[in-house]
Amino acid sequence: MAKPHQLVPFYATLLDACSSSKNLKNLKRIHARTIVLGVSRYDFIGSKLVSSYASCAQLHEANTIFSFTVRKSTFLFNSLIRAYSSLNLFSQSLSLFRQMLLAYKPFDRYTLPVVLKSCAGLLALRFGQQVHGAVFVNGFGLDLANSNALINMYVKCGYLVSARKVFDRMWKRNVITWSTMMAGYGMHGAFGEVFECFDRMVEAGERPDEITFTTVLSACSHGGFVDKGREYFEMMEGRFGVKPGRQHYTCMVDILGRVGQVEEAEKLILRMEVRPDEALWGALLGACKTHGKVEVAERVAERVFGRELSVASSI
């Protein structure tokens with residue numbers, strides 16, 4: 001029979017699989033086996049258990065194992081910090097990061113992007129600026145994930161100038177970089193900058209994805225750019241091979257609905273390959289109410305509720 005230390009690599013692989021698949025039932029079974037076989041006492045397996053439970057959003061179990069682990073590694077802290085942040089528990093995420101610093105544990109290039117995400121979620125600009133300093137002091141300034149996280153933090157905190165400085169200094173950018181910068185401009189009504197960024201992104205050879213097009217179409221919607229909205233929507237699949245999803249159709253319905261073109265919006269929904277949801281029908285009904293389009297509203301109500309309703313009184 002294999003000795004416990006010989007089983008460590010095997011059970012580490014099993015736990016990684018549970019973490020990737022988020023299969024809690026299998027995770028509990030494997031955890032039980034590690035206890036029976038004496039494998040769970042190894043710190044490496046303890047770290048994997050914390051990471052796996054955290055991936056399955058089981059923070060109570062992850063915290064319990066964490067508290068009993070003697071040698072708390074950087075990987076262990078990272079796993080729990082990421083878990084809190086992924087569940088939007090940003091205060092707890094930053095609290096654990098402070099605990100990590102107080103324990104004199106070194107952080108690596110995987111630590112700070114998650115911390116910056118938590119700063120963005122809390123609009124904690126001052127702390128985010130301190131983390132920005134740590135990024136450069138520790139040599140992570142050229143790391144793509146850290147730079148993208150800095151842009152996102154500054155964008156969410158409303159500091160577009162600082163976000164753009166980080167953006168301009170980057171030697172390499174990816175679709176996340178461009179989309180985050182565009183989203184920042186869109187949030188603050190700088191729609192021209194959104195479209196300029198999109199053009200520069202394409203010229204740089206980066207292919208826009210679903211998130212990029214959601215960002216650009218949202219800018220068209222909030223800025224009232226109907227023709228541009230049509231143009232971006234048509235180029236999604238035709239030029240870049242990106243299939244429109246519900247969020248893209250919802251943006252288009254909102255764009256058309258704002259200018260009273262509800263019949264065109266209705267036809268667009270009926271051509272969809274994906275099934276419309278309540279938000280999409282709600283956007284169309286809202287446009288009908290704004291522009292007094294009773295007939296369209298009646299048809300929508302019949303499709304949504306399965307029967308003809310009198311909606312004229314509410315329009």
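## Helices α11 and α12

Let's start with a pair of neighbouring helices in this predicted model. Helix α11 covers residues 175-187 and helix α12 covers residues 191-203; their axes come within 7 Å and cross at roughly 165°. Because angles over 145 degrees count as roughly antiparallel, α11 is roughly antiparallel to α12. Their crossing is left-handed.

Which residues of α11 and α12 make the contact? On the α11 side you will find V175, W178, M181, M182, Y185 and G186. From α12 come F191, E193, V194, C197, F198, R200 and M201. Sorted by class, the residues of this contact are ten nonpolar, one polar and two charged.

## Looking back to α9

Helix α11 also packs with helix α9, which runs over residues 144-156. What is the angle between α9 and α11? It is about 5°, and the axes are 9 Å apart. Angles under 35 degrees count as roughly parallel, so α9 is roughly parallel to α11.

Here α9 offers L144, N148, I151, N152, V155 and K156, while α11 offers I176, T177, T180, M181, G184 and M187. The residues of this contact divide into six nonpolar, five polar and one charged. Try finding M181 in the structure: this residue of α11 takes part in the contact with α12 and also in the contact with α9.

## Moving on to α13

Next, follow the chain to helix α13, residues 210-223. The axes of α12 and α13 come within 10 Å and cross at roughly 150°, so these two helices are roughly antiparallel to each other. This crossing is left-handed.

In α12, the residues F191, V194, F195, F198 and M201 meet T212, F213, V216, A219, C220, H222 and G223 of α13. By class, there are nine nonpolar, three polar and no charged residues in the contact.

## The annotated repeats

An unreviewed UniProt entry lists residues 174-208 and 209-239 under "repeat: PPR". How much of residues 174-208 is helix, and how much is strand? This span is 74% helix and 0% strand, with its end C-alpha atoms 10 Å apart. Residues 209-239 are 90% helix and 0% strand, and the end C-alpha atoms of that span lie 12 Å apart.

## How confident is the model?

Across the protein chain, pLDDT averages 92, and 97% of the residues score at least 70. Where does pLDDT stay under 50? That happens over residues 307-315, a stretch for which the model has 20 contacts beyond four places in sequence. Where pLDDT is low, the predicted coordinates should not be read in detail.

Methods. Residues are numbered from 1 along each chain as its sequence is written. This is a predicted model: local features need pLDDT of at least 70, side-chain atom pairs count only at pLDDT 80 or more; totals for chains, interfaces and linings use all residues. Side-chain values use heavy atoms; hydrogens and water are left out. Axes are lines fitted to C-alpha atoms, for helices over the stretch in contact, and angles run from 0 to 180 degrees between N-to-C directions. Helices (H or I, at least four residues) and strands (E, at least two) are DSSP runs, numbered from the N terminus. Angles under 35 degrees count as roughly parallel, over 145 as roughly antiparallel, 65 to 115 as roughly perpendicular and the rest as oblique. A crossing is left-handed if the near helix is turned anticlockwise from the far one by less than a right angle, and right-handed if clockwise. Contact means heavy atoms within 4.5 Å. Ala, Val, Leu, Ile, Met, Phe, Trp, Tyr, Cys and Pro count as nonpolar, Asp, Glu, Lys and Arg as charged, and the others, Gly among them, as polar. pLDDT is the predictor's confidence in each residue, from 0 to 100. UniProt positions are given in the numbering used here, feature names are shortened, and annotations may be inferred rather than shown by experiment.
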